[in-house]
Amino acid sequence: MNNYLLSVYDKTEYNAGPKAKRDISRILSEKLNFKNIEFYFSLDSTISSKINKIKYLNWDIPRKLKNKKIDNIFIQYPIYSTVVTEKILSLLDSHVKVYYIIHDLESLRSFKNDAKYLVEEINRLNEADGIISHNSRMTTWLRENGVKTPISDLEIFDYLTENVAPESNSYEKTLCYAGNLQKSDFLVNEFYPIDVYGPNPKKEYPNTVSYKGVFTPEELPKHLKESFGLIWDGNRIDECNGVYGEYMKYNNPHKVSLYLSSGLPVVIWEKAALADFISKHQAGIVVESLSQLQNKLGSLTEEEYLNLRHNAQLVSEKLKNGHYIVKAVSNLIGNK
C-alpha cells in the first residue's frame, strides 16, 4: 500500500502551532513508512498571497500530485482554504482513500455559532473515508452533528522531544504555564505562585506570576522544572470560559502533551475533554477552580506526587515514540 500524508503549512507561522503537524509527519514517515507531501504558502488575504495561491492552484499542487501512486492519503485538517482543499481532492484518483487528521474543528471554535459553516464542515468530513478525532468527547459531538464516516480517537497528541525528565525525589509544590500569553487573561488574577512561559506577555502581572521568557517548542521542555503544568483558558479562575475555554471541552490542547512529554504531571479543568485521559492514567490533578490549588497542591504528599510524576513519565515515553498517532492511523487503514 502506498500511504501518503499531506500537510499545508502557513509561511507566516512561528508559534508552537506547526509542531503537532511536523511531529505527525515525522512519526508516520519513520514508523509506518508514509511519504510526505508538503505545501507552504501564506494564508492571509494580501494581494501577494492571492497571486501566490493562484500559482499554487494551477502549478504547484498539480505538479506535486502528478504521477504519484497513492492508495491512502491522510490530510492534516483543516487546510484553511476551501479552494485549495477542493483542488487537492479533485486531483486524486477515484480509488484513493482520503482520511482527515483533525487538528482543529472551527465549527467548535471560530465559527461556533455559524450554522452554515457547521453544515459545510460536517459535509466535508462525511466525504472522507475516515477521520482521526481528538478524543471520545469530540467524536460524540461529531456523531451528534451528523458525521457518519468511520472515526478513530487519537486520545492525545504525541510530542517528539529529546528532553529527559528531571530526576528528583522531592516535591516542590511549584506550578508552570506555557502558551500564548496574549489570550491567557486568567493570569491577571492572583491564585497561586506560577512560572509562565511564552510570547506576548502582559505589561503587568500579580506578584504571584513569574515570567520566564519565550522558547521554541524544541527548547521549552528543557526549561520546565516545576512540579506541575497548568491547563487553563479564559479570563476567570473559577472556570475556563470564552471561545477557547469552551473549546477545551472537546479538543486536545497541545500543551498537555508538552508537559507530559517533559515528565510533568498536569493540573487541568474538570470539564476539559482531556481530564478523562489525565484521570485514567493518574497523571495529574483535576480541579473545578484555580482557587482549589492552594489546598490541592498543599495537601499532596511527596509519595502521592512522585506517583503522579511516575505515571506522567510512563505517558511521556509513549508520546515521544509516536504511540498515539500510529495506533489511530492503524485502526483506520488496518480495518480496510
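Which residues line the largest cavity? Hold that thought for a moment while we look at the chain as a whole, keeping in mind that this is a predicted model.

Start with the overall build. The secondary structure adds up to 11 helices and 12 strands. Laid along its principal axes, the C-alpha trace spans about 60 × 40 × 35 Å. A compact globule of 336 residues would have a radius of gyration near 20 Å, and the chain comes in at 21 Å, so the two agree. As for the interior, 51% of the 336 residues count as buried. Sequence-distant pairs show up strongly in the contacts too: of those with a separation of 6 or more, 67% link residues 24 or more positions apart.

Now back to the opening question. Rolling a probe the size of a water molecule over the atoms shows where empty space is left. Here the structure holds 1 cavity of 30 Å³ or more, and the volume of the largest cavity is about 40 Å³. Its lining is made up of Ala20, Asp23, Ile24, Ile27, Leu154, Phe157, Asp158 and Ile325. Helix α1, covering residues 17–32, gives the most to that lining, with 4 residues. Sort the lining by class and you get 6 nonpolar, no polar and 2 charged residues.

Next, take a look at helix α3, residues 82–90. Val84, Thr85 and Ile88 are buried there. These three cover an arc of only 100 degrees around the axis, which puts them on the same side of α3. The spacing makes sense in general terms: an α-helix has 3.6 residues a turn, so residues three or four places apart point the same way. Turn to the other side of α3 and you find Glu86 and Ser90, both exposed. What do the buried residues of α3 pack against? Their partners are strands β1 (3–10), β2 (35–41) and β4 (97–102), along with helix α2 (47–65).

Last stop: glycine 229, which sits in strand β10, residues 228–231. Is glycine 229 buried or exposed? With a relative accessible area of 0%, glycine 229 is buried. Setting aside neighbours within four places in sequence, glycine 229 is in contact with Leu175 and Cys176, and also with Tyr259, Leu264, Pro265, Val266 and Val267. For another handle on this spot, try leucine 258: leucine 258 is 29 residues from glycine 229 along the chain, and their C-alpha atoms are separated by 8.9 Å.

Key: Residues are numbered from 1 along each chain as its sequence is written. This is a predicted model: local features need pLDDT of at least 70, side-chain atom pairs count only at pLDDT 80 or more; totals for chains, interfaces and linings use all residues. Side-chain values use heavy atoms; hydrogens and water are left out. On a 1 Å grid over the protein atoms alone, a cavity is a set of points where a 1.4 Å probe fits but cannot get out, and a pocket is an open set with protein on both sides within 12 Å along at least five of seven lines; lining residues have an atom within 4 Å of a point. Grid points are joined across faces, edges and corners, and a volume is the space filled by probe spheres set on the points. Helices (H or I, at least four residues) and strands (E, at least two) are DSSP runs, numbered from the N terminus. Ala, Val, Leu, Ile, Met, Phe, Trp, Tyr, Cys and Pro count as nonpolar, Asp, Glu, Lys and Arg as charged, and the others, Gly among them, as polar. Buried means under 20% relative accessible area, exposed over 50%, partly exposed in between (1.4 Å probe, protein chains only). The arc is that of the directions from the helix axis to the C-beta atoms. Contact means heavy atoms within 4.5 Å. The radius of gyration is taken over C-alpha atoms; the globule rule is 2.2 Å times the number of residues to the power 0.38.
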